Amino acid sequence: MSSRGSAELVRPLTRAELERLAASLPYQRIRDTPLHPYYTNWKAFEGAQTLPWAPEPVEPELPRAKASLRLDPQGLHVDAAQRGLEVARISPEDVREWGMPVDGKLDAVHALRWGVGARLVFTETPEEAVVLEALGGRGYSGYHIEAQVAPGVSGRLVFITYTPREGITTITLKAELSPGAGLELSTVNLGGGAVYVRRLVIVEDEASYTSRIASLGGVMVHDREDVYLIGRRAKAEVKASLSSVEGEKLDSIQNIIARGPEAEGSASARGIVNGRGYLVSRGLGRVEATGRGSKISYESYVIVMDDGGKGYSVPMLEVDTGDILDARHSTAVLAPPEEEVFYLRQRGLSPREVRYLLTLSTLEYSGALEASGIKAAQLAEHLIKSVSG
Amino acid sequence: MEVRGLLPERSPEDILGYASPTKATVELRGKISRSLVEEISRVKKEPDWMRRLRLRALELFEKLPMPKWVIGIEEIDLDELAHYVRPEVREPATSWDELPKEIREYYEKLGIPELEAKLLAGVDVQFESETVYYKVKEFLRKKGVIMVPMEEAVRRYPDIVKEYFARIFPPSEHKFAALHVALWSGGAFVYVPKGVKIFDPVEAFFLIGRSLEAQFEHTLVIADEGSYIHFIEGCSAPMLKRYSFHDGMVEIYAHRGAVVKFSTFQNWSKNVINFNNKRGIAEEGARIDWIEGGIGSKITYTYPSTVLKGRGASSSSIVVQISKGPYIKDSGSKMIHLAPYTRSKIINKSISVDGGVNIYRGLVKVARGAKRARAHVECQSLILDDRSVAYTYPHNQVDEPTAQVTHEATTGRLGEDQLFYLRQRGLTEQEATSLLVMGFLEDIMGDIPFEYAAVLRRVIEVEFARLGGVG
């Protein structure tokens with residue numbers, strides 16, 4: 001199976017190099033803005049180097065689809081074999097050189113500390129989606145997942161993660177789509193504690209990637225997805241539902257980079273901040289010099305419901321060639337739309353019911369919850385419980 | 001008023017040619033140190049409070065790190081620059097004839113004397129580190145408007161200067177702001193009294209005359225309650241053998257209900273590294289409008305910003321940047337909403353061609369309590385060939401649930417169908433491209449004073465014509 005994309009993007013690092021970087025790199029090299037220097041509160045992750053490995057996983061209370069694969073502090077658990085899917089355990093000893101990007105201290109610390117991993121290879125198009133859970137515990141948990149999709153095969157993966165407030169979890173997921181392959185990845189990040197998730201997706205010639213994300217806040221949740229369209233006519237569509245409630249922080253990033261010619265990528269996010277939540281919706285659309293004839297877009301819409309809530313949007317565009325089809329972004333951060341609220345109130349809904357509906361529609365937007373079996377209505381009720389009014 | 005023909009419609013290199021040797025009576029060059037700062041203060045015969053302010057800024061300059069996001073400044077060796085150059089002009093002249101011929105000729109070639117006569121209510125002209133000419137029309141004086149070189153304001157109006165100078169844009173903000181305050185020289189001071197509205201613009205024009213020179217002019221505009229002023233800033237330089245460095249600062253304070261328009265037409269020659277620090281504070285119901293047209297320079301960093309401090313204050317920033325050739329325009333705007341019912345609008349248009357780099361960095365911040373604040377940002381970038389690039393980095397930070405911040409941006413090339421349509425109707429490729437480029441900028445031209453829009457339009461046409469691709 002091809003892995004040219006990975007080698008092209010990331011210079012593999014030895015353990016000695018990682019140790020040096022963990023000691024020397026800051027969490028972030030350049031401040032985000034003068035007024036708000038770091039969108040991610042990196043202090044929440046300071047324990048990642050020293051916190052003891054979590055003794056056992058903590059389950060989220062929400063009912064969800066039955067997972068056939070589970071990563072927890074005690075190891076990888078495979079519930080049942082699925083046709084068309086090869087699963088292998090991987091451990092740090094199996095990874096001689098680290099092939100994920102290392103941009104800051106936490107990337108290096110994760111590369112040195114993760115303990116449980118899985119390699120998934122989609123060899124045939126499966127009948128059902130593969131459900132993979134990664135659960136953190138009260139302590140540190142670190143996971144690494146690699147997924148490959150064979151040429152012409154369409155994979156479906158649901159990835160659910162949760163960490164209790166007392167825990168720190170770092171997760172890396174690398175997915176590689178061979179030429180002509182397809183992957184539908186539904187990520188549900190239920191937040192909770194300090195959670196750092198980094199996904200790297202490499203899409204080769206004529207391959208197609210669909211990402212659905214539902215991400216909630218926590219002590220500090222940093223959820224980042226980088227999609228590299230390296231092949232000719234590679235495609236990606238990323239949709240995200242984001243929520244942050246009282247006392248929670250979420251920094252969500254969706255980046256799409258068109259490196260191959262005639263690539264097509266779009267990312268869109270809907271976010272809602274209830275109570276004094278904090279939500280950052282970020283995204284980069286980049287067309288590199290080799291991405292001639294490509295098309296890229298990013299769109300984000302964040303509603304701030306209450307006094308004390310913070311909603312930030314950072315849509316970025318980098319275009320390195322004049323030979324592009326289109327590159328655009330649009331964002332809005334605003335109060336609940338007056339007309340919609342008026343319409344709903346006029347029909348007899350209470351302010352709380354309006355809040356519930358706006359939260360529910362945001363959560364349902366990406367389709368990730370539906371794929372995970374988590375009831376959006378139940379989650380919306382749960383989320384707004386902490387907010388008065 | 002038709003000013004076409006008055007203002008230069010060519011690049012500064014074409015108009016001004018190579019830098020002519022000019023005499024300097026004082027030249028302070030070399031390592032930036034306490035003794036250099038004290039020497040600048042001494043030769044300028046400054047009061048002690050200003051000397052101390054400079055020294056405090058120097059301490060900050062030494063402590064602050066080099067901003068990591070600033071790209072392309074490796075060439076600058078601050079220690080080899082002439083940080084203060086006093087041209088051979090004893091006092092600022094009030095007649096062009098009083099200026100040395102080689103200095104006067106620069107301004108004549110740029111059309112400043114004619115422009116002054118026909119359009120401007122006041123003018124302050126700086127060559128190297130000092131104002132060499134300034135004149136204010138009588139009706140301005142009668143209305144109580146003060147427009148003087150910054151040094152004169154320090155001497156004659158210390159209380160006003162102390163209240164505002166380096167307080168709107170504090171030197172602690174970044175290394176180049178601190179450097180500016182430590183080494184500032186030149187610039188204009190404008191005070192518009194309560195209720196006075198001046199509809200004819202005033203202008204300050206800055207010219208760098210030699211290689212390895214650093215220019216640090218400081219402009220301070222204070223508009224008292226209910227007043228109106230339009231300040232135009234222009235800058236240029238002849239062809240220089242090596243680079244020069246510009247690190248200017250503009251501070252604006254618009255009191256309740258005042259309106260300040262601040263327009264910059266930047267046309268430095270292609271080896272000037274241009275750093276700008278621009279900020280205004282708008283009180284209740286006041287308005288600050290920034291207009292920026294940037295064509296020249298090797299690298300430009302400019303981010304006009306407004307702090308909307310009073311209820312109902314508003315601001316706009318309209319920026320046009322052209323990057324033609326291997327040059328960088330790093331620009332953007334910041335709007336900080338601190339009060340209820342504040343409004344802001346940012347429009348940024350850029351064209352990159354022939355290896356040009358355009359970067360937009362913007363920030364809209366709505367603080368908690370800025371009820372029903374509204375902000376809108378629009379960025380449009382046009383890339384005319386495969387070698388040029390455009391980057392957009394906007395940050396929208398909303399801490400107030402009743403606020404609304406919207407943003408949209410596009411980056412694209414000229415439409416093939418549009419080009420085909422025009423070619424089909426008999427236009428050459430160059431004519432068609434020129435028309436489309438001007439069309440791209442046209443909607444923004446309406447926001448620029450008519451006279452300057454006409455000139456800017458022509459300068460762009462001529463600039464692109466020389467490339468062979470447009471015009």
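## Helix α9 of chain B

In helix α9 of chain B, the residues B:K175, B:F176, B:A177, B:A178, B:L179, B:H180, B:V181, B:A182 and B:L183 are buried. The model is a predicted one. Because nine of the nine residues of α9(B), which spans residues 175-183, are buried, the helix is largely enclosed by the rest of the structure.

The cover over these buried residues is supplied by both helices and strands of chain B. Included in it are α2, α3, β2 (82-87), β9 (218-223), β11 (244-254) and β13 (272-282) of that chain.

## Strand β10 of chain B and its partners

Strand β10 of chain B, residues 228-236, is likewise described by its burial: nine of its nine residues are buried, so the strand is largely enclosed by the rest of the structure. In a regular strand the side chains alternate between the two faces of the sheet. In β10(B), B:Y228, B:H230, B:I232, B:G234 and B:S236 point one way, while B:I229, B:F231, B:E233 and B:C235 point the other way. The residues of both sets are buried; the charged residue B:E233 is therefore among the buried ones, under the cut-off of 20% relative accessible area.

Two strands of chain B pair with β10(B). Strand β7 (residues 202-207) does so in the parallel sense over six bridges, and within this pairing B:F205 stands opposite B:G234. Strand β12 (residues 259-267) also pairs with β10(B) in the parallel sense, over nine bridges. Here B:C235 has B:Q266 of β12(B) as its bridge partner.

## Strand pairing between chains A and B

Strand β24 of chain B, residues 404-412, is joined to strand β17 of chain A, residues 324-334, by eight bridges, and the two strands run antiparallel. One of the residue pairs in this arrangement is A:S330 with its bridge partner B:E408 in β24(B).

Within chain B, β24(B) also pairs with strand β22 (residues 374-383), in the parallel sense and over nine bridges. In that pairing B:H376 stands opposite B:T406 of β24(B).

## Packing of helices α2 and α3 of chain A

Helix α2 (residues 15-24) and helix α3 (residues 105-113) of chain A pack at an angle of about 140°, and their axes lie 8 Å apart. The two helices are therefore oblique to each other, since angles over 145 degrees would count as roughly antiparallel. The crossing of α2(A) with α3(A) is left-handed.

On the side of α2(A), the contact is made by A:R15, A:L18, A:E19, A:L21, A:A22 and A:A23; α3(A) contributes A:K105, A:A108, A:V109, A:A111 and A:L112. Sorted by class, the contact comprises eight nonpolar, no polar and three charged residues.

## Positive phi angles in chain B

B:K45 and B:L212 each have a positive phi although neither is a glycine. For B:K45 the value is about 50°, and for B:L212 about 55°.

Both residues occur in loops of chain B. B:K45 lies between α2 (34-43) and α3 (48-63), whereas B:L212 is found between β7 and β8 (214-215). Their accessibility falls into opposite classes: B:K45 has a relative accessible area of 69% and is therefore exposed, while B:L212, at 13%, is buried.

Conventions:
Residues numbered from 1 in each chain as written. Chains lettered and ligands numbered in written order. Predicted model: local features only at pLDDT ≥ 70, side-chain atom pairs only at ≥ 80, totals over all residues. Heavy atoms only, no water. Axes fitted to C-alpha atoms, helices over the stretch in contact; angles between N-to-C directions. Helix = DSSP H or I, 4+ residues; strand = E, 2+ residues; numbered from the N terminus. Parallel < 35°, antiparallel > 145°, perpendicular 65-115°, else oblique. Left-handed = near helix turned anticlockwise from the far one by under 90°. Contact = heavy atoms within 4.5 Å. Nonpolar A, V, L, I, M, F, W, Y, C, P; charged D, E, K, R; others polar. Buried < 20%, exposed > 50% of the residue type's maximum accessible area, 1.4 Å probe, protein only. Pairing = 2+ DSSP bridges.
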